[in-house]
Amino acid sequence: MEETKLWINGNWENAQKTYSLTAPYSGEVIAEVAKASVKDVERAIEGAHKSFQSFKKTTAYERAEILYKVVEIMRERKEEFARILALEAGKPLSASLTEIDRTIATYQFSAEAAKQSTGETVPLDAAPGTKDRIGYTKRVPIGVVSAITPFNFPFNLVAHKLGPAIAVGNSVVLKPATQTPLTSLVMAEVFKEAGLPDGVLQIVTGSGSELSDSLVTHPLVKKVTFTGSGAVGLKIKEKVGLRKLTLELGSNAAVVVEPSTPIDEIISRCVAGAFGYAGQVCISLQRVYVHDSIYDEFAKAFIEKTRKLKLGDPLDPSTDVSAMINPKELERIKQWIEEAKSEGAKVATGAEFTQRTLQPTVMVNVKPHMKVVCQETFAPIVSLVPYSTLDEAISLVNASDLGLNAGIFTNVLTDAMKAAEEMEAGTVVINDIPTFRVDNMPYGGVKNSGYGREGIKYAIEEMTDLKFITIKTTI
């Protein structure tokens, strides 16, 4: 059994306390994880600030080379990393391999972006009396970035914070989710081997509730980037003050299926979007609004495909769906299903529980106010809902206080453009599921789904200050 340490100033350090890390599927203890104290976090932040003073002077070329080396190392250790991810997160091995591929792409995008952070000239002679002045902007690193990450994509969502920050010369204090520390700690080895100077990356593991105040209020922290629940995100926003802030919060992703859609062509994709990683994805497909003229046909095909998914051990390559992250989440979703059933909803398939798993579940005859519809389930459960008009469907999509991704399937251009304009979401996906994401696109939500944007170019803007420089050419 592994015993982990904290990564502070380029060294592995013991913590005074530890906690037991259990595998979501088997329940076996797989590691004793170092539990950082507030003093540990403060030392990490101070060390990151000190290292920043020299790292900010490195060239774009030097930072890009470090990130390219990270890409090379991750490719060589891909299978190893995928097994770590499958074990600690309960993510099926096939999905874990896909996440490693995406993580590699994210670091590669970051390496390329390190050389592309540019400013612009400002025509000061557009104002009277300023013909002898030149003005230009540049992006400058801000300092210590505090990064707090979730369990569901513990390699790639960490990369979305580390990659852009390092690309522009910032230092980072990373606090990974308590369930998935191993995937972050192994990146300390990777960045060390890639040549990242000691202290630029600090990793503190432990309780978010105990450490978050220091991570978001320490005076040396200049930027906070958090991915997680809306409730925690709101608390962070209240405490962060004038620091820069990015919040990637919850979602309740919906897709509209118009009658012009070839159903056979989209069923597999919709099922994958609903049940990938047991629905524990921010943009997991949770609500499917299907035109009433094709609803019965769609529902039959969707339910049949869902029943073919294999539930099992994440280390078995044939597994489609595995355990949820912890038994408490299973209790929550069981209550939500029973509550919906008591109000008339029906289970078309699934809703079979073990201590750690939920069979992929399809619900019908649901109402907009039910928790399985209006709140983020974060579980392998999807609701199928008929509608009569596109206006009605868009209204149903928008009847949520969340708005990360939404989608529509249609072969009618005007309907696609109507949805693009009227759906209230940070991203509208046309002719694919809202679970679609490429790691260089802008990613973030509206309403209660977040604040700011990720995606390498856009994250760099959030992790830098815009400096304006003007020169008077004559004295």
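Student: Which helix gives the most to the lining of the largest pocket?

Tutor: That's H8, with 6 residues. Helices here are DSSP runs of H or I, at least four residues, strands are E runs of at least two, and both are numbered from the N terminus. This is a predicted model, where local features need pLDDT of at least 70 and side-chain atom pairs 80 or more, while totals for chains, interfaces and linings use all residues. Residues count from 1 along each chain as written, and side-chain values use heavy atoms, without hydrogens or water.

Student: How much space lies in that largest pocket?

Tutor: About 1,300 Å³ (the space filled by probe spheres set on the grid points).

Student: And which residues are closest to its centre?

Tutor: Phe151, Phe226, Gly228, Ser229 and Val232, out of 45 lining residues. Elements giving two or more residues to the lining are helices H7 (208-217), H8 (230-239) and H11 (327-342), plus strand E11 (221-227).

Student: What's the lining like by class?

Tutor: The largest pocket is lined by 18 polar, 17 nonpolar and 10 charged residues. Gly counts as polar.

Student: OK, next pocket. What's the volume of the second largest one?

Tutor: About 780 Å³.

Student: Which residues lie nearest its centre?

Tutor: Arg102, Phe153, Gly276, Val281 and Thr435, among 34 that line the second largest pocket. Helices H4 (93-114), H5 (156-167) and H9 (263-275) each give two or more residues to that lining.

Student: Which one gives the most there?

Tutor: H9, with 6 residues. By class, the second largest pocket's lining has 17 nonpolar, 9 polar and 8 charged residues.

Student: What counts as a pocket or a lining residue?

Tutor: A pocket is an open set of points on a 1 Å grid where a 1.4 Å probe fits, with protein on both sides within 12 Å along at least five of seven lines; lining residues have an atom within 4 Å of a point.
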